[in-house]
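Trainee: I would like to learn how to read a contact between two chains, and the helices in it. Can we work through one case?

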Amino acid sequence: MGIEGYLVVSTLLFGLGVFGFMARRNAILMLISIELMFNAVNLSLVAFNAFLPPDTNTGAVFALMIMAVAAAEVTVGLALVIAIIRTRQTPEVDQYSDLKE
Amino acid sequence: MAVVTLRNIIHSAVAMMICFGSLAGMYALLGAPIVAAAQVLIYLGAISVLILFAIMLTQAGDANLPAPFHRQMPIAVVVVLAIVGLVGWAVFQTDWGLAEAAGAAVDDIATALFTDFALPFEIISLLILVAIIGAIYLARRPEEDERAN
């Protein structure tokens with residue numbers, strides 16, 4: 001399987017992430033979709049690193065750093081979602097429409 | 001990959017774990033074993049458990065599952081098809097030079113991580129520390145705030 005296969009998988013995964021982020025109503029599932037997009041970018045970075053000519057390890061290092069940033073992001077995101085759910089009693093994002101307390 | 005279409009969110013999370021596992025296999029196929037190991041550790045180990053824990057904490061076992069999709073789903077389908085079509089077209093139009101799976105050795109990555117990328121490495125550790133402190137602050141129970149006041 002050449003680089004096109006990995007890039008097509010990465011594109012489909014990114015598309016699924018965008019779709020889930022835009023179309024689902026559950027806040028936690030929106031976070032899962034963000035994780036899917038992170039993984040798609042990671043896969044394309046590692047594929048570029050493995051296949052394209054400048055023979056360095058920059059892609060793998062970038063992928064590791066993106067993983068660390070994604071871990072930090074999902075930590076803060078889940079804390080925010082849990083705090084919102086505790087006040088609103090629902091995980092559905094289209095019921096978060098008012099900013100009044 | 002049915003992560004975004006299932007109605008029950010726990011099933012979605014399990015599908016997400018399967019997806020992360022197969023991605024780890026792909027990294028191993030691409031000759032990046034350190035990235036595959038980090039994928040298993042961070043995504044399969046940490047993030048999946050965190051998400052499952054949050055789901056268990058918030059669902060409270062109610063059986064009436066609402067409709068999963070937002071009313072802007074048709075727009076989302078159009079936008080996603082446009083993105084995937086455009087990027088797929090770009091992938092197949094480009095001439096990708098010499099394509100051979102080279103692979104990255106673990107010690108080379110370690111050397112690069114601590115010499116060329118030492119400053120981003122330290123900044124990321126600081127970022128994770130800040131994220132942990134912020135998460136603890138956000139997830140604190142409101143009663144403790146009232147008690148502190």
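Mentor: We will go from the chain contact to one helix pair, then to one helix and one residue. Keep in mind that this is a predicted model.

Trainee: How many residues does each chain give to the contact?

Mentor: Chain A supplies 58 residues and chain B supplies 65 residues. On the chain A side, helices H1 (3-23), H2 (27-51) and H3 (58-88) are the elements that each give two or more residues.

Trainee: Which helix gives the most to the side of chain A that touches chain B?

Mentor: H3(A) does, with 20 residues. Sorted by class, that side of chain A has 41 nonpolar, ten polar and seven charged residues.

Trainee: How do I describe one pair of helices?

Mentor: Two packed helices are described by the angle and the distance between their axes. Take H2(A) and H1(B), residues 9-29 of chain B: their axes come within 11 Å and cross at roughly 10 degrees. H2(A) is therefore roughly parallel to H1(B).

Trainee: Which residues make the contact of H2(A) with H1(B)?

Mentor: From H2(A) they include A:Ile28, A:Leu29, A:Ile32 and A:Leu43, and from H1(B) they include B:Met16, B:Phe20, B:Leu23 and B:Tyr27. By class, this helix contact has twelve nonpolar, two polar and no charged residues.

Trainee: What does H1(B) look like by itself, in residues and in reach?

Mentor: H1(B) has 21 residues, and from its first C-alpha to its last it reaches 30 Å, close to the 30 Å expected at 1.5 Å a residue. Just after H1(B), B:Gly31 has a positive phi of about 75 degrees.

Trainee: Where do the buried residues of H1(B) fall, seen down its axis?

Mentor: The buried residues of H1(B) include B:Ile9, B:Ser12, B:Cys19, B:Phe20 and B:Ala24. Seen down the axis of H1(B), its buried residues fall within an arc of 155 degrees, so they line one face of the helix. The face turned away from the buried side carries the exposed residues B:Ile10, B:Ser22 and B:Gly25.

Trainee: Now a single residue. Is A:Leu78 buried or exposed?

Mentor: A:Leu78 is placed in helix H3 of chain A. It counts as buried because it has 24 C-beta neighbours inside 10 Å, and the cut-off for buried is 20 or more.

Trainee: What does A:Leu78 touch, leaving out residues up to four places away in sequence?

Mentor: A:Leu78 touches A:Leu31, B:Leu50 and B:Ala54. For a distance, A:Leu78 and A:Ile66 are twelve residues apart in sequence and 18 Å apart in space, C-alpha to C-alpha.

Conventions
Residues are numbered from 1 along each chain as its sequence is written. Chains are lettered from A and ligands numbered from 1 in the order in which they are written. This is a predicted model: local features need pLDDT of at least 70, side-chain atom pairs count only at pLDDT 80 or more; totals for chains, interfaces and linings use all residues. Two residues are in contact if their C-beta atoms, placed from the backbone, lie within 7 Å. Helices (H or I, at least four residues) and strands (E, at least two) are DSSP runs, numbered from the N terminus. Ala, Val, Leu, Ile, Met, Phe, Trp, Tyr, Cys and Pro count as nonpolar, Asp, Glu, Lys and Arg as charged, and the others, Gly among them, as polar. Axes are lines fitted to C-alpha atoms, for helices over the stretch in contact, and angles run from 0 to 180 degrees between N-to-C directions. Angles under 35 degrees count as roughly parallel, over 145 as roughly antiparallel, 65 to 115 as roughly perpendicular and the rest as oblique. The expected span of a helix is 1.5 Å times one less than its number of residues. A residue is buried if 20 or more other C-beta atoms lie within 10 Å of its own, exposed if 12 or fewer, and partly exposed in between; C-beta atoms are placed from the backbone. The arc is that of the directions from the helix axis to the C-beta atoms.
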